[in-house]
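Colleague: Thanks for making time for this. Could we go through the model together, one question at a time?

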Amino acid sequence: MREIKLLLRKDLLILLNNIKLILKNPLRLLPYVAIVGYFSFMYWLRLGKGEDSVQQMPEIDPNAIPEVNFAGQNIVGGVTILALALLIYQLFRATKKNVSFFKMADVNLLFTAPVKPENLLIYYMGRSILPSLGGAILFTFYGISQIADKFELSFGNLFFTILGLGFFLFMIQPIRFLVYTLHTRFGVMEYIKNGVIVLAILLSAMILIPGLMADKFWQGMFSWIGSPWFDFFPIVGWSRGIMSFWVHSNWILSSAFVVLYGLSYFVVLKLVIQFSGYYYEDVLEATKSNEEKLEKVRGKKEQSEANFSLNSKKKLALPDFGPGAKAFYWRNYIHASRQDFHPLFGVYSLILAGLGILFAILSLFDWFSHIVIYVYLIILILIYFLAGTGRANIGDLKKPFFYLVPASWSSKFWNMIKLDLVQILLFCTVLIVPTVFIAGLDWLVIPSFLIGILAFYLTGLGINLIPQIGLDEGWDRILIKPLMIGGILLFGLVPAGVASIIAFVISKQFVWALLTLSVGMTFIALILIHVTLDILKRLEFKEI
């Protein structure tokens, strides 16, 4: 117990030092103040709208046959499926790699100290609930700021929502550690892996079977997973049972699921302590890998070409693409050739395109409406927007040859992103053309989707790239980037979104809303690319 008290005192001193650093430079609080201000403004806005539009609840006839709320059932089922997919993915990852609760500083100092390994593991495993609760608090406050006009906000609703989400995010890590521990001790990895695959198949059957039994697939696909009895499913169901306090307001029921979480954590902890043994060597690789990922996020290290690679050992025989700025396109082409089985269209693109075509085929049999296809297209646009923000850490800008190549700045920049644009256009064409003709959608969806996804990608690229290359100090980038994102959202995405909503209300067709949104974001993307090129022309070689 004395060792755990010392570890707690150490963390409290670290927290106190961080608070002192913030007080020395209060500007570091600006991003947090902006987040709190945004949540408060959205909550006030939604709450005012809800008070102005109070409606009387319709009277319910006790003799009437209750109708199934398919919309609510599918929303609950869809969220549950996402949580189940995350759980299955994390369990499968546990069969590949161990999880670590430590940092390299702990490895270098605490692992060599005269401290019992069990006490270190107990303390750090329990401490890992803090970031999970922090993320749950942030997500919860963001959520209530969006739905404040539809649900009653109370302490109980907030408390159980934060607990349900926080326990779900927290419990995954000890379970992953236990899985790897059991493998290290007994060599049961193949059995665990087969169990995870069987669980995934059973959960998929729980969607397919009721969907096929219903008149329309979308009416029955979540009838089992979305039902109340699924609250007793471990981890995912327990969290849903805790968070459902918003609906039933039964604190005894939600508290019972909290107790189940506590008992399961106690059992997992006892098993880990019993079978972990001398676990230091098992967590060293995972700790070092986590540290390297953190350094890459901070920009201290460039990402390795082998990351996410499916074909890193492939022997390449590529033609010469030509001199000058084309060397950047050639470099990216080689990198893409090692990442996938083809540099322009690989396995990941094939899977995503196949899903869209599958949705179009299923819509012909009235399994679900075209709304599913539209939602899938919007999700892909958002994914490529995030991909654009992640592409901003371009290694070419950190190399001297970027400045020494005898070519114009626009040519260099174009060749840096040319392969990305070709891949996007090829993938989107293979996806959208068959989908439109199979499902019988308006042909204007094709150019609207192609323009929109390119515009969102370039917008995400510009948002992250401009502060990355235009500002010297890291804190300047952290402070300026939220302002840029806020300005683009306020003066770019919001007007384009409002115009697309107006177009949808007038026309009652998704295609005109998508076309309006795509045209609006195209102007934003062109402005950001123009600013990026202007900054590149004035840039000198330096570490960015």
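Colleague: Which backbone oxygen does the side chain of Thr 435 reach?

Modeller: This is a predicted model, where local features need pLDDT of at least 70, side-chain atom pairs count only at pLDDT 80 or more, and totals for chains, interfaces and linings use all residues. Residues are numbered from 1 along each chain as its sequence is written, and side-chain values use heavy atoms, with hydrogens and water left out. Thr 435 sits in helix 18, and at 2.6 Å its side chain meets the backbone oxygen of Leu 431.

Colleague: Is Thr 435 buried or exposed?

Modeller: Beyond four places in sequence, Thr 435 is in contact (heavy atoms within 4.5 Å) with Gly 356, Ile 357, Ala 360, Ile 373 and Leu 441. Buried means under 20% relative accessible area, exposed over 50% and partly exposed in between, with a 1.4 Å probe and protein chains only. Thr 435 has 1% relative accessibility, so this residue counts as buried.

Colleague: Where is the kink in helix 18 centred?

Modeller: Helix 18, a DSSP run (H or I, at least four residues, numbered from the N terminus), covers residues 409-439 and reaches 43 Å from first C-alpha to last, close to the 45 Å expected. That expectation is 1.5 Å times one less than the number of residues. A bend is the angle between axes fitted to the seven residues ending at a residue and the seven starting there; here the kink is about 45°, centred on Ile 417.

Colleague: Good to know. Which residues are joined into one network by salt bridges?

Modeller: A salt bridge puts a side-chain nitrogen of Lys or Arg within 4 Å of a carboxyl oxygen of Asp or Glu, and the structure holds three. One of them pairs Asp 231 with Arg 240 at 2.8 Å. Salt bridges with shared partners make one network of Lys 10, Asp 11 and Arg 127.

Colleague: How many residues apart are Arg 127 and Asp 11?

Modeller: Their side chains meet in a salt bridge at 2.9 Å, N to O. The pair links distant parts of the chain, with Arg 127 in helix 5 and Asp 11 in helix 1, and the separation is 116 residues.

Colleague: Last one: in which helix is confidence lowest?

Modeller: The predictor's confidence in each residue, pLDDT, runs from 0 to 100, and its mean over the protein is 77. Confidence is highest in helix 10, at 91, while the lowest mean, 65, belongs to helix 17.

Note on methods
Helix = DSSP H or I, 4+ residues; strand = E, 2+ residues; numbered from the N terminus. Polar contact = N/O pair within 3.5 Å; in protein donor to acceptor, adjacent residues only side chain to side chain.
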